[in-house]
Amino acid sequence: MDTTPPTLDWLRELVADRLGIAADLLEPTERLHRYGLTSLTAASVVAAIAQRIGRPLPPTLMWDHPTLARLAEALEGRDDADGRAPIVPLPPEEPIAIVG
């Protein structure tokens, strides 16, 4: 019987798809940058998560919660082990600066 939380399952599939690797290669407690996560990929993942859950998310989400396990916990509203503040979505009218 699989005891993996549903949020972790769909996050693993989403991130694996964006990284172009098999989902079973992603370890929930491994930092995602080790699999080649870039800022562009992270932005794509955050946008997909925001669309799925129906609310805006901070663009730093993947860097604030750098493992699948921590990201799933944050999205489920559980407290992080490291004491980080909970995710607070940006208001729709909040401007975002893109520095390139």
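# A walk through a four-helix chain

Buried residues account for 37% of the 100 residues in the protein chain. Keep in mind as you look around that this is a predicted model. The protein chain holds four helices and zero strands, and along the sequence the pattern reads α-α-α-α. Among contacts between residues at least 6 apart in sequence, 50% join residues at least 24 apart.

Let us begin with helix H1, which covers residues 6–19. Its 14 residues should span 20 Å at 1.5 Å a residue, and the end C-alpha atoms are indeed 20 Å apart, so the two values agree. The buried residues of H1 are Thr7, Leu8, Trp10, Leu11, Arg12, Leu14, Val15, Ala16 and Leu19. These buried residues pack against H2, H3 and H4. After H1 comes glycine 20, with a positive phi near 75°.

Next is helix H2, residues 39–53. Here 15 residues at 1.5 Å each should span 21 Å, and the distance between the end C-alpha atoms is 21 Å, which agrees. Inside H2, the buried residues are Thr41, Ala42, Val45, Val46, Ala48, Ile49 and Ala50. Their cover includes H1, helix H3 (61–64) and helix H4 (68–75). Just after H2, glycine 54 has a positive phi of about 75°.

How do H1 and H2 meet? Their axes come within 10 Å and cross at roughly 145°. H1 passes H2 in a right-handed crossing. On the H1 side, the contact involves Trp10, Leu11, Leu14, Val15, Arg18 and Leu19, which meet Thr41, Ser44, Val45, Ala48, Ile49, Arg52 and Ile53 in H2. Sorted by type, the residues of this contact are nine nonpolar, two polar and two charged. A helix offers a helpful rule for reading such lists: an α-helix has 3.6 residues a turn, so residues three or four places apart point the same way.

One residue of H2 in this contact deserves a pause. Serine 44 lies in helix H2. Is serine 44 buried or partly exposed? With a relative accessible area of 27%, serine 44 is partly exposed, because buried would require under 20%. Serine 44 and leucine 14 are 30 residues apart in sequence, and their C-alpha atoms are 9.9 Å apart in space.

Now turn to helix H4, which is mostly covered, with seven of its eight residues buried. Those buried residues are Leu68, Ala69, Arg70, Leu71, Ala72, Ala74 and Leu75. They pack against H1, H2 and H3. Just after H4, glycine 77 takes a positive phi of about 80°.

Finally, look at the nonpolar core. In soluble globular proteins, nonpolar side chains tend to be buried together. In this model, the largest nonpolar core has 24 residues, and Leu11, Val15, Ile49 and Met62 touch the most other members. H1, H2, H3 and H4 each supply at least two residues of this core, and H1 gives the most, with seven residues. Isoleucine 49 is a good place to rest your eye: leaving out residues up to four places away in sequence, isoleucine 49 touches Trp10, Leu11, Leu14, Leu57, Leu61, Leu71 and Leu75.

How values were computed
Residues numbered from 1 in each chain as written. Predicted model: local features only at pLDDT ≥ 70, side-chain atom pairs only at ≥ 80, totals over all residues. Heavy atoms only, no water. Axes fitted to C-alpha atoms, helices over the stretch in contact; angles between N-to-C directions. Left-handed = near helix turned anticlockwise from the far one by under 90°. Contact = heavy atoms within 4.5 Å. Nonpolar A, V, L, I, M, F, W, Y, C, P; charged D, E, K, R; others polar. Expected span 1.5 Å × (residues − 1). Buried < 20%, exposed > 50% of the residue type's maximum accessible area, 1.4 Å probe, protein only. Core = buried A, V, L, I, M, F, W, Y, C linked by side-chain atoms within 4.5 Å.
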